[in-house]
Amino acid sequence: MADITSLVRKNILSLKPYSCARDEFQGEASAFLDANENPFNNPYNRYPDPLQWKLKESITAKKKVPATHIFLGNGSDEAIDLVFRVFCEPAQDNVVAIAPTYGMYQVSADINQVEYRKVHLNDDFSLNAKRLLNNVDEQTKVIFLCSPNNPSGNLLDRYEVLHVLENFGGIVVMDEAYVDFSPEDSWLTHLTHYPNLIVLQTFSKAWGLAGVRLGMAFASPEIIMLFNKVKYPYNVNILTQELVLEHLQYESRKRSWVNLLLQERERLVVELRQLSYVNTIYPSSANFVLVKVGDANAIYNYLVELSIIVRNRNNVMLCEGCLRITVGSPYENDLLINALKAYEG
C-alpha cells in the first residue's frame, strides 16, 4: 500500500486550516470574549466543540474504536465528499465503484470533477474483485464499496473485499450504513491492518435519527486529521451533538427496533412471495428488500396513488423491473401488503 501522504492532493498537504476559537482553548473559562458570540441564551449562544470530543468518547465506548480514529460529519455524505476533496485531483484522478450502489458516490465525483468508473456486480449482485481491480490505473485514488449494498441489500463476500484491500494501494471506502441489520461483523476490526481503509456508518438507519444528520467515518488517525483539516470548522451543530449523546444511552431500544424490523422484513418477504407478479425477492441483510415484479412502473404508480411510497429502481443497471421496499412499522407494512394484494385481485 502507498504511503497515505502520497495519495493526498498537494494543496491539501500544504493547506493551513482555519483555526477557530474552540481549537485554541478547550475547557471552561470565566469569560468567553474571543468569538464574537452573544453572551445570552446559554448554551446555544456558544459555538459547538468543532471536534465533538464528548460525543466521540461515547461512540468509542460503543464501537471500541479510539476517538482519534473517528470523524463525525453532516451525514455520511460529508465524509464521502471529503474523500474526494482530500485525495482526488479534479480532472486528473479517478475513482472506481461497484454498480449498482449508493448514488452519492457518483454525485460527489461529478461535483468534484473526478472520473467515476462503474464496475458491474454479477447478476446476483455479488462482487468480482478481479474485475473491479482490472479497472484501476495509476490515477485511481479510491475504491468505493457498500456492504450491505444499496439498492441490492446483499453483503459483499468478505474474501472478495479482502482481495481488494490486499491488492489496491489507494483508499478503500467501505460504506456500512446498514451494518446493524447484518448478521456479519463490521469491517471496523480491520482498521489496524489496513491503514488505507475508511469505514462509514450512520445514525440514520438503526438509530432512527435520519433527521438529525450525523454520519461517522472510522479510519487511521492520519486520514481523520486530513478530514478535520478540510472540513468546515463547526460542521456538527450543538443540537445534533446533544441529541445523539442522549440517544446513545438507549442502545437496548435501538436493538429492539432492529429486531422488530428484521422480523417484519421476514414477514414482508413471506407475503410478497405469494403474489403472482413478484418474480424475484433478492436476499437482504438491510432494512429493505429489492423485489423484481412484472411491471415496476405500473405498480409504483399504483402505490403512489394510494400514498404508499416505495423506490422505483427500474432504471438502475441490474435492477430492471425492481422496486426497493423499505421495511416499515407493522402498520405501514400491512398497508403495503393489503394494497399489493388488492392490485393482484
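## Cores, sheets and helices

Me: Which residues touch the most other members of the largest nonpolar core?
Reply: Keep in mind that this is a predicted model. The largest nonpolar core has 44 residues. The ones touching the most other members are Ile59, Leu132, Leu145, Phe203 and Phe218.

Me: Let's zoom in on Ile59: what is it in contact with, leaving aside its neighbours within four places in sequence?
Reply: Two of the partners, Phe203 and Phe218, are also on that list of residues touching the most other core members. Add the others and the set is Lys64, Ile70, Leu72, Phe203, Met216, Phe218 and Leu248.

Me: And how many residues are in the other core?
Reply: That one lies apart from the core with Ile59. Its members include Ile12, Tyr105, Tyr116 and Phe144. The count is 33 residues.

Me: On to the open sheet of seven strands: which are its edge strands?
Reply: Read off the order, E1-E7-E6-E5-E4-E2-E3, where the pairing is mixed. An edge strand here pairs on one side only, so look at the two ends of that order. They're E1 (70–73) and E3 (115–120).

Me: Inside that sheet, what is the bridge partner of Val96 in E4?
Reply: E2 covers residues 94–99 and E4 covers residues 140–146. These strands run parallel and are joined by four bridges. In E4, Val96 is partnered by Ile143.

Me: At what angle to E1 does helix H4 run?
Reply: H4 takes in residues 53–63. It lies across E1, E6 (197–202) and E7 (215–218). Its angle to E1 is about 120 degrees.

Me: Is H5 roughly parallel or roughly perpendicular to H9?
Reply: H5 (residues 75–87) packs with H9 at about 95 degrees, and their axes are 10 Å apart. Angles of 65 to 115 degrees count as roughly perpendicular. Therefore H5 is, relative to H9, roughly perpendicular.

Me: How many residues of the contact of H5 with H9 are charged?
Reply: From H5 come Ala79, Leu82, Val83, Arg85, Val86 and Phe87, meeting Ile223, Leu226, Phe227 and Val230 in H9. Nine residues of this contact are nonpolar and no residue is polar. The charged count is one.

Me: Now the open sheet of four strands: which strands stand at its edges?
Reply: Its order is E8-E9-E11-E10, with antiparallel pairing. Each edge strand has a single partner strand, so one side is left without a neighbour in the sheet. Those strands are E8 (278–281) and E10 (311–312).

Note on methods:
Residues are numbered from 1 along each chain as its sequence is written. This is a predicted model: local features need pLDDT of at least 70, side-chain atom pairs count only at pLDDT 80 or more; totals for chains, interfaces and linings use all residues. Side-chain values use heavy atoms; hydrogens and water are left out. A nonpolar core is a set of buried Ala, Val, Leu, Ile, Met, Phe, Trp, Tyr and Cys residues joined through side-chain atoms within 4.5 Å. Buried means under 20% relative accessible area, exposed over 50%, partly exposed in between (1.4 Å probe, protein chains only). Contact means heavy atoms within 4.5 Å. Two strands pair if DSSP finds at least two bridges between them. Axes are lines fitted to C-alpha atoms, for helices over the stretch in contact, and angles run from 0 to 180 degrees between N-to-C directions. Angles under 35 degrees count as roughly parallel, over 145 as roughly antiparallel, 65 to 115 as roughly perpendicular and the rest as oblique. Ala, Val, Leu, Ile, Met, Phe, Trp, Tyr, Cys and Pro count as nonpolar, Asp, Glu, Lys and Arg as charged, and the others, Gly among them, as polar.
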